[in-house]
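Work through the exercises below with the model open. Try each task before you read its solution.

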Number of protein chains: 2
Amino acid sequence: MQIVIIGSGNVAYHMAKAFTLRGISLAQIFGRNEKELNKISEELHIPYSAEQLEDADLYIICVSDNSVEEVSKIIRKKDCLVAHTSGSLPKEILIGDYRKSSFYPLQTFSKSKELEYEKIPFFIEAESEEDKKTLFEVASKISENVMESNHEKRKYIHLTAVFACNFVNHLFSRAKEISDSQTIPFEYFLPLIDETVKKIYEIEPKMAQTGPAVRNDKRVLQLHERLLQGESLEIYKTMNHSIQKMYEL
Amino acid sequence: MQIVIIGSGNVAYHMAKAFTLRGISLAQIFGRNEKELNKISEELHIPYSAEQLEDADLYIICVSDNSVEEVSKIIRKKDCLVAHTSGSLPKEILIGDYRKSSFYPLQTFSKSKELEYEKIPFFIEAESEEDKKTLFEVASKISENVMESNHEKRKYIHLTAVFACNFVNHLFSRAKEISDSQTIPFEYFLPLIDETVKKIYEIEPKMAQTGPAVRNDKRVLQLHERLLQGESLEIYKTMNHSIQKMYEL
């Protein structure tokens, strides 16, 4: 089976790398950004083009949600399977006479960070059982954890991931801003952060909650509010309000 | 040196356990809750009392911030060192004729969860160099990471910890609420959560940000807002606003 990856961003890079590491050679990596394509091509020894899309059986579109529809139109072939990798888009966003599908890896991708691909859950959706089987087999070459998911469920998976990953990372950014402002090394907080995550492997997060809000410690809450301003203060108030609502305080 | 721990909650338990594991026998664990004291005493083989405070050189008060002042008054001895374990209280909150100090472990403590005590940063403060030295030696028996910190700095350390730990855990609770509502197993998200944390060991959190807000993907942001309500919707809006402010979007 000939596979082409479309895109040159974080997801495209890691998808290409995951296939390459599993010994699956890709027919092409195609995109607009020649500089990035060239870098990926050199590292992974995959042919690239920014002009001529290679003929393939499966095209995996790894571009940002905003561009999926536009990019999908460049595939003029009919007898092929096209998948996007978005958590929030339906497969019907794809415009073309080919078979449509979704191939969603639940992970956060940064180019400079190595990943254990076999642990990434993949959620697949296709028009026919045969296409599902194809995607299942392809994803299973990369990951031990491949599941079917329709668009409705995938939207909620993506939304959950925004809370559990994107927002968590932003809290780290805001936390570092606070510690930086007092020249406290952020490294001090890494054991605490590690433990916060290790805990939820053993205890429900709701049972593991600690801190001034769940203790309803008004003195500390007021003290902290006086130390904060701007967006961090807004986050502080919103999160505490939500904690106190959850525990009916 | 005779050490007494006051309290029977999560911090008291782990502090007692950390000392015991390092072969430092405690003179007593003292508190109000006889049932909890009895449990800790049986597990760690430490004498306990809810009535008669043992004579000691160092008392470590491990009770919630609200109770530190009140509890500190029960120590009538003069020639001794008393430390509280709060991140947000000054050592002057302690009421008595003894020498006052602070002994703050930067970690999240749940009784049912084992901890690697040697990695916990301890922040100490005392009135004299001699007392600092004592606390430094005591903390160093437990941890590899002992530092001095005055009250001003400690407040910010605690505040940073609230963002990096308490709020992060609450995001996990809200994330699980969303995935539970669609019967999506929360376990799917654990590799993503692990990776979110592993990333910040290698990349500044600000550089590692991913997700619809930092991409300014208005379509996805609007879609997600329609899927949410109540506190989760408030969190969604506040976090995205803060992300977009940070990246000037």
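Which residues lie on one side of strand E1 (residues 3–6) of chain B, which lie on the other, and are they buried or exposed? Keep in mind that this is a predicted model.

**Exercise 1. Sort the side chains of E1(B) by face, then find the partners of the strand.**

Step 1. Start with a rule. In a regular strand, side chains alternate between the two faces of the sheet.

Step 2. Apply it. B:Ile3 and B:Ile5 lie on one side of E1(B), and B:Val4 and B:Ile6 lie on the other.

Step 3. Check burial. These four residues are all buried, so both faces of the strand are covered.

Step 4. Look to one partner. E1(B) runs parallel to strand E4 (residues 58–61) of chain B, and four bridges join them. Here B:Ile3 stands opposite B:Leu58.

Step 5. Look to another partner. Strand E2 (residues 28–30) of chain B also pairs with E1(B) in the parallel sense, over three bridges. In this pairing B:Ile6 faces B:Phe30.

**Exercise 2. Place these strands in the sheet of chain B and name its edges.**

Step 1. Write the order. The sheet is open, has eight strands and reads E3-E2-E1-E4-E5-E6-E7-E8.

Step 2. Find the edges. Strand E3 (48–49) and strand E8 (146–148) of chain B each pair on one side only.

Step 3. Note the sense of pairing. Overall it is mixed. Strand E6 (residues 99–105) and strand E7 (residues 122–126) of chain B give an antiparallel example, with five bridges. There B:Pro105 stands opposite B:Phe122.

**Exercise 3. Describe chain A, from its outline to its sheet.**

Step 1. Count the elements. Chain A has nine helices and eight strands.

Step 2. Take its extent. Its C-alpha trace spans about 65 × 35 × 30 Å along the principal axes.

Step 3. Ask how much is hidden. Of the 249 residues in chain A, 60% are buried.

Step 4. Turn to contacts with a separation of 6 or more. In chain A, 52% of these join residues 24 or more positions apart.

Step 5. Trace the sheet. It is open, with eight strands in the order E3-E2-E1-E4-E5-E6-E7-E8 and mixed pairing. The edge strands are E3 (48–49) and E8 (146–148) of chain A.

Step 6. Pick out one pair. Strand E6 (residues 99–105) and strand E7 (residues 122–126) of chain A are antiparallel, with five bridges. A:Tyr104 stands opposite A:Phe123 there.

**Exercise 4. Decide whether A:Lys17 is buried or exposed, and list its contacts.**

Step 1. Locate the residue. A:Lys17 sits in helix H1 (residues 10–21) of chain A.

Step 2. Read its relative accessible area, which is 12%.

Step 3. Compare with the cut-off. Buried means under 20%, so A:Lys17 is buried.

Step 4. List the contacts, leaving aside neighbours within four places in sequence. A:Lys17 touches A:Glu43, A:Leu44, A:Glu114 and A:Tyr117.

**Exercise 5. Describe the interface between chain B and chain A.**

Step 1. Count residues. 95 residues of chain B are in contact with 95 residues of chain A.

Step 2. Give the area. About 9,400 Å² is buried between the two chains, and carbon and sulfur atoms give 68% of this.

Step 3. Add the salt bridges. There are eight between chain B and chain A. One joins B:Arg219 to A:Asp65, with the closest N and O atoms 4.0 Å apart.

Step 4. Add the polar contacts. They link 33 residue pairs between the chains.

Step 5. Find the elements on the chain B side. Among those giving two or more residues are helix H3 (65–72), helix H5 (151–181) and helix H9 (230–246) of chain B. H5(B) gives the most, with 26 residues.

Step 6. Sort that side by class. It has 46 nonpolar, 26 polar and 23 charged residues.

**Exercise 6. Compare the settings of A:Asn216 and B:Glu248.**

Step 1. Recall the background. Most residues other than glycine have a negative phi.

Step 2. Read the angles. A:Asn216 has a positive phi of about 50 degrees. B:Glu248 has a positive phi of about 55 degrees.

Step 3. Place them. A:Asn216 lies in the loop between helix H7 (205–208) and helix H8 (218–227) of chain A. B:Glu248 lies in the segment after H9 of chain B.

Step 4. Judge exposure. A:Asn216 has a relative accessible area of 25%, so A:Asn216 is partly exposed. B:Glu248 has 74%, so B:Glu248 is exposed.

Notes:
Residues numbered from 1 in each chain as written. Chains lettered and ligands numbered in written order. Predicted model: local features only at pLDDT ≥ 70, side-chain atom pairs only at ≥ 80, totals over all residues. Heavy atoms only, no water. Buried < 20%, exposed > 50% of the residue type's maximum accessible area, 1.4 Å probe, protein only. Contact = heavy atoms within 4.5 Å. Buried area = accessible area lost by both parts, 1.4 Å probe. Salt bridge = Lys/Arg side-chain N within 4 Å of Asp/Glu carboxyl O. Polar contact = N/O pair within 3.5 Å; in protein donor to acceptor, adjacent residues only side chain to side chain. Nonpolar A, V, L, I, M, F, W, Y, C, P; charged D, E, K, R; others polar. Pairing = 2+ DSSP bridges.
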